[in-house]
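Work through the exercises below with the sequence and the model in view. Each task is followed by a solution in steps.

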Amino acid sequence: MLTCPLCGGRDVGRIAPEHYYCWNCFVELALEGGEVRAFNVDLEGMLTPVAAPEEPQGEGCS
Ligand SMILES: [Zn+2]
């Protein structure tokens with residue numbers, strides 16, 4: 001059973017093959033290459049990636 005990478009919860013429902021939805025975070029989860037990626041879904045149905053909290057910001061890095 002898939003768990004949400006954001007909240008770690010199990011309120012995750014499958015909406016399509018390799019596509020899931022977390023009812024706790026209201027994000028869509030997609031399996032890509034064995035990794036779970038989270039996407040926000042806007043009112044038009046567009047998916048925008050949710051920034052992973054552990055990813056460092058590369059600002060100002062030359
Ligand atoms: Zn969640």
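**Exercise 1. Classify L2 as buried, partly exposed or exposed, and describe its surroundings.**

Solution. The model is a predicted one, and the classification rests on a count of C-beta atoms. L2 has 13 C-beta neighbours inside 10 Å. A buried residue needs 20 or more, and an exposed one has 12 or fewer. L2 is therefore partly exposed.

Next, place the residue. L2 belongs to the segment before β1. Setting aside residues up to four places away in sequence, L2 touches V12, Y20, L29 and V36. For a distance into the chain, take R14: it is 12 residues from L2 in sequence, and the two C-alpha atoms are 9.2 Å apart.

**Exercise 2. State which elements the chain contains and how the strands are arranged in the sheet.**

Solution. Begin with the elements. The chain has 0 helices and 5 strands, so the run from the N terminus reads β-β-β-β-β.

Then order the strands. They make an open sheet, β1-β2-β3-β4-β5, with antiparallel pairing. The edge positions belong to β1 (12-16) and β5 (47-49); each has a single partner strand, so one side of each lacks a neighbour in the sheet. From one strand to the next, the twist averages 40 degrees.

As background, strands of a sheet pair through backbone hydrogen bonds, in a parallel or an antiparallel way.

**Exercise 3. Give the number of bridges between β1 and β2 and between β2 and β3, with examples of bridge partners.**

Solution. Take β1 and β2 first: they run antiparallel and are joined by 4 bridges. Among the residue pairs, G13 stands opposite Y21 in β2, and V12 has C22 in β2 as its bridge partner.

Now move to the next pair. Strand β2 (residues 19-22) and β3 are antiparallel over 4 bridges. Here the partner of C22 in β3 is V27. C22 thus links to V12 in one pairing and to V27 in the other.

**Exercise 4. Find the residues with a positive phi in the hairpins of β1 with β2 and β2 with β3, and say whether each is buried or exposed.**

Solution. Recall the expectation: most residues other than glycine have a negative phi.

In the hairpin of β1 and β2, 2 residues lie between the strands, and E18 in the turn has a positive phi of about 65 degrees. E18 is in the loop between β1 and β2. E18 is exposed, because 11 other C-beta atoms lie within 10 Å.

In the hairpin of β2 and β3, 4 residues lie between the strands. F26 sits in the loop between β2 and β3. Phi of F26 is near 60 degrees, a positive value in a residue other than glycine. F26 is exposed because it has 9 other C-beta atoms within 10 Å.

**Exercise 5. List the largest nonpolar core and the contacts of L29.**

Solution. Start from the share of buried residues, which is 10% of the 62 residues in the chain. The largest nonpolar core has 6 residues: C4, V12, C22, V27, L29 and A38.

Then take L29. Without residues up to four places away in sequence, L29 touches L2, C4, V12, Y20, Y21, C22, V36 and A38. L2, treated in the first exercise, is partly exposed.

For the chain overall, consider contacts with a separation of 6 or more: residues 24 or more positions apart account for 11% of them.

**Exercise 6. Classify E28 and list its contacts.**

Solution. E28 lies in strand β3 (residues 27-32). The count for E28 is 19 other C-beta atoms within 10 Å. The buried class begins at 20, so E28 is partly exposed.

Finally, collect the contacts. Leaving aside neighbours within four places in sequence, E28 is in contact with H19, Y21, F39, V41 and L47. The C-alpha atoms of E28 and V41 are 6.8 Å apart, with their positions 13 residues apart along the chain counted as separation.

Terms used:
Residues numbered from 1 in each chain as written. Predicted model: local features only at pLDDT ≥ 70, side-chain atom pairs only at ≥ 80, totals over all residues. Contact = placed C-beta atoms within 7 Å. Core = buried A, V, L, I, M, F, W, Y, C linked by C-beta atoms within 7 Å. Pairing = 2+ DSSP bridges. Axes fitted to C-alpha atoms, helices over the stretch in contact; angles between N-to-C directions.
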